[in-house]
Amino acid sequence: YVRFHLISPLIQRSAENIVLFDTFVNILSHNLGEPAYEADVAQLEYKLVAGEHGLVIRVKGFNHKLPLLFQLIIDYLSDFSFTPAVFEMITEQLKKTYFNILIKPETLAKDMRLLILEHGRWSMIDKYQTLMNGLSIESLSSFVKAFKSQLFVEGLVQGNFTS
């Protein structure tokens with residue numbers, strides 16, 4: 001089991017940054033779909049989660065091939081690229097995801113409670129409005145470059161691994 005949390009102070013600075021971060025993680029997951037398929041068949045699991053303060057990378061499975069899967073994820077992260085078509089597809093999916101959260105009273109109420117309790121939190125309404133106002137490919141590219149330049153990493157490795 002390998003878990004790394006890539007923490008960046010950049011994410012919580014604005015609602016736009018949060019939306020750009022969600023877009024980035026979704027595109028990264030999309031890009032990994034085909035190359036990581038063989039790992040999935042070999043019973044290796046991975047998950048990329050857009051946390052509040054950064055990207056969580058979770059990888060688990062048999063230890064002899066796990067570093068290769070983790071290295072694949074890191075390679076795609078470091079050489080991040082996307083096409084305009086993928087950008088459009090992911091932003092449309094995010095619009096639907098945000099909207100579905102907004103139309104459920106219980107999730108909207110939870111979001112409002114957290115907005116009151118947490119300093120510096122951006123509401124789902126702010127994120128949805130930012131996405132509806134439109135994102136540019138250039139803003140995503142510059143965000144990803146800034147995100148990768150301002151990272152703190154926490155990691156946990158459990159199991160049959162050597163140091």
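A residue is called buried when its relative accessible area is under 20%, exposed when that area is over 50%, and partly exposed in between. Keep that in mind as you look around this structure, which is a predicted model.

Let's start with Lys-95. Its relative accessibility is 23%, so Lys-95 counts as partly exposed. Its salt-bridge partner is Glu-92, with the closest N and O atoms 3.2 Å apart. Glu-92 is partly exposed too, with a relative accessible area of 38%. Both sit in helix H4 (residues 84–102), and because they are 3 residues apart there, about one helical turn separates them.

How many salt bridges are there? The count comes to 5. Here are some of them, with the N to O distance for each pair.

| Pair | N to O distance |
|---|---|
| Lys-95 and Glu-92 | 3.2 Å |
| Glu-52 and Arg-121 | 3.4 Å |
| Asp-111 and Arg-121 | 3.6 Å |

Now take a look at Arg-121, which turns up in two of those rows. One of its partners is Glu-52, and their side chains meet in a salt bridge. Glu-52 lies in the loop between strand S2 (45–50) and strand S3 (54–60), while Arg-121 lies in the loop between helix H5 (105–117) and helix H6 (124–133), so this pair ties together parts that are 69 residues apart in sequence. As for its surroundings, Glu-52 is partly exposed, with a relative accessible area of 39%.

Arg-121 also pairs with Asp-111 through a salt bridge. Here Asp-111 belongs to helix H5 and Arg-121 to the loop between H5 and H6, with their positions 10 residues apart in the numbering. Is Asp-111 buried or exposed? With 7% relative accessibility, Asp-111 counts as buried, because the cut-off is under 20%. Put Glu-118 into the picture as well, and you get a network of salt bridges linking Glu-52, Asp-111, Glu-118 and Arg-121.

Next, the nonpolar side of things. In soluble globular proteins, nonpolar side chains tend to be buried together. The largest nonpolar core in this model has 41 residues, and the members that touch the most others are Phe-24 and Leu-55. Which elements supply at least two residues each? They are strand S1 (2–7), helix H1 (15–32), S3, helix H3 (66–78), H4, H6 and helix H7 (137–149). H1 gives the largest share, with 9 residues.

Try clicking on Leu-55 to see who is around it. Neighbours within four places in sequence aside, the residues in contact with Leu-55 include Phe-4, Phe-21, Leu-48, Leu-77 and Phe-147.

Definitions and conventions:
Residues are numbered from 1 along each chain as its sequence is written. This is a predicted model: local features need pLDDT of at least 70, side-chain atom pairs count only at pLDDT 80 or more; totals for chains, interfaces and linings use all residues. Side-chain values use heavy atoms; hydrogens and water are left out. A salt bridge is a side-chain nitrogen of Lys or Arg within 4 Å of a carboxyl oxygen of Asp or Glu. Helices (H or I, at least four residues) and strands (E, at least two) are DSSP runs, numbered from the N terminus. Buried means under 20% relative accessible area, exposed over 50%, partly exposed in between (1.4 Å probe, protein chains only). A nonpolar core is a set of buried Ala, Val, Leu, Ile, Met, Phe, Trp, Tyr and Cys residues joined through side-chain atoms within 4.5 Å. Contact means heavy atoms within 4.5 Å.
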